[in-house]
Amino acid sequence: MKFRVIKEDKTTNARLGVLNLNGKKIKTPVLWLGCMIKKKPRPWEYFDVNTIMVNAYEIVEKKIMINLIHEFLNTDGLVMMDSGGFQLMKKNIHITPAKVLEIYKQAEPDIGVVLDFPFNPSDLDSRIKRWKKTLKNTRFMLNNSHDIVLMPVVHGYTLEEIKRACDELKDITNPKVVGVGSLVPIVRYMKTSNISELNGMNTIKFMIDAISIIRKEFPDAFLHVFGVGSVATMHLMFSLGVDSVDSMSWRMKAAYGAIQLPGVGDRFISPKNGRKQLKEDHLLEKCECPICINKSLSERKNALDNSKHSTFYNRAIHNAFIFKEEEKMFHKALIKNNIIKFIEKRLRRTKYYKLVMDFITPEQPSQHRHRTF
Ligand SMILES: [Zn+2]
């Protein structure tokens, strides 16, 4: 595996890079489309998708027998496999790091994630124990990985914990790839006052600061953030210098009836429980996804309509396409030195807007943007 940064943005921490892995080459920052191993639709059968994220927990829980994951998925792109630590924790299923390694050796993903023990937001006291177990697994898996590229994962609910986790990881290895976990539950459980108290502040600000620390601790590593929930969060992560994210939201939002469009949140073709109905026809008209292309506006709406049966696949493919297009738009903005304007446009309507702009706007003093801890 070889990863190199080819351009650093002058106004934000965003960076453009190239990842060479197993004879394949991709441009970063990159989005891995999170997929269920056996479920359809498979977006890469409709348009070009070179990065797919799957989860070993499906193999464990559903006892799916797979040999080579690329053959199983019918892709020649890169495949990352998560260990399923988070899902298995929620289901109280026990699995050993040796078993996860065995799955990786058989399935041969391009990157396998170390079996971690994500924090449980409803049991905050257990987190030190969980982190120690994650470290132990990391050591074991790295020592026994042979030629599998493994991604260790950093966890922490306070900035001190994050910093300590980075130091402890460095005692074990000098990782080429690093994942960031446990930030997702924070976003999801944002109203959980215990966590806000722990972080001592706004949780979005905590996320921004936590990522800044990890980015700084591992400046050359390929940095991945697990499970981003929206295109806006993906852009936020990329602007913080994150090289890689994954998301299954294209599929989950489609199942809920929502479609994605550049620069706006979830939209519904037909009314749904007071959620925002599509008004931005001009954006839908421009879509070049395999579902929309060569269709009139009304045909597009019909194909994506949440009130109609069997439109889920259409919405899922459309949404996956928009997520990947937005990744390309970020690259374009980065190449043209236009990230600030791009981020401003994309995050304008989100709850992060002010905090993010405070963080990345060039007028801020530099120690504010590249703070040290
Ligand atoms: Zn479309």
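Two strands count as paired here if DSSP finds at least two bridges between them. That is handy to know for the first views of this predicted model.

**View 1. Three strands line up in an open sheet.** The strand order is 1-2-3, and the pairing is antiparallel. At the edges sit strand 1 (2-8) and strand 3 (24-28), each of which pairs on one side only. Going from one strand to the next, the twist averages 15°. As a reminder, strands of a sheet pair through backbone hydrogen bonds, either parallel or antiparallel.

**View 2. Here strand 1 meets strand 2.** Strand 2 covers residues 15-21, and six bridges link strand 2 to strand 1 in the antiparallel sense. For a spot to zoom in on, try K2: facing it in strand 2 is N20.

**View 3. Helix 4 has a buried side.** Helix 4 spans residues 97-107, and its buried residues are P97, V100, L101, I103, Y104 and A107. Why do they end up on the same side of helix 4? Because they cover an arc of only 155° around the axis. Look to the other side of helix 4 and you'll find A98 and E102, both exposed.

**View 4. Several elements cover the buried residues of helix 4.** Among the helices in that cover are helix 1 (56-61), helix 2 (69-73) and helix 5 (127-143). Strands join in too, including strand 6 (78-82) and strand 7 (111-113).

**View 5. E108 comes after helix 4.** The phi of E108 is positive, near 50°.

Note on methods
Residues are numbered from 1 along each chain as its sequence is written. This is a predicted model: local features need pLDDT of at least 70, side-chain atom pairs count only at pLDDT 80 or more; totals for chains, interfaces and linings use all residues. Helices (H or I, at least four residues) and strands (E, at least two) are DSSP runs, numbered from the N terminus. Axes are lines fitted to C-alpha atoms, for helices over the stretch in contact, and angles run from 0 to 180 degrees between N-to-C directions. A residue is buried if 20 or more other C-beta atoms lie within 10 Å of its own, exposed if 12 or fewer, and partly exposed in between; C-beta atoms are placed from the backbone. The arc is that of the directions from the helix axis to the C-beta atoms. Two residues are in contact if their C-beta atoms, placed from the backbone, lie within 7 Å.
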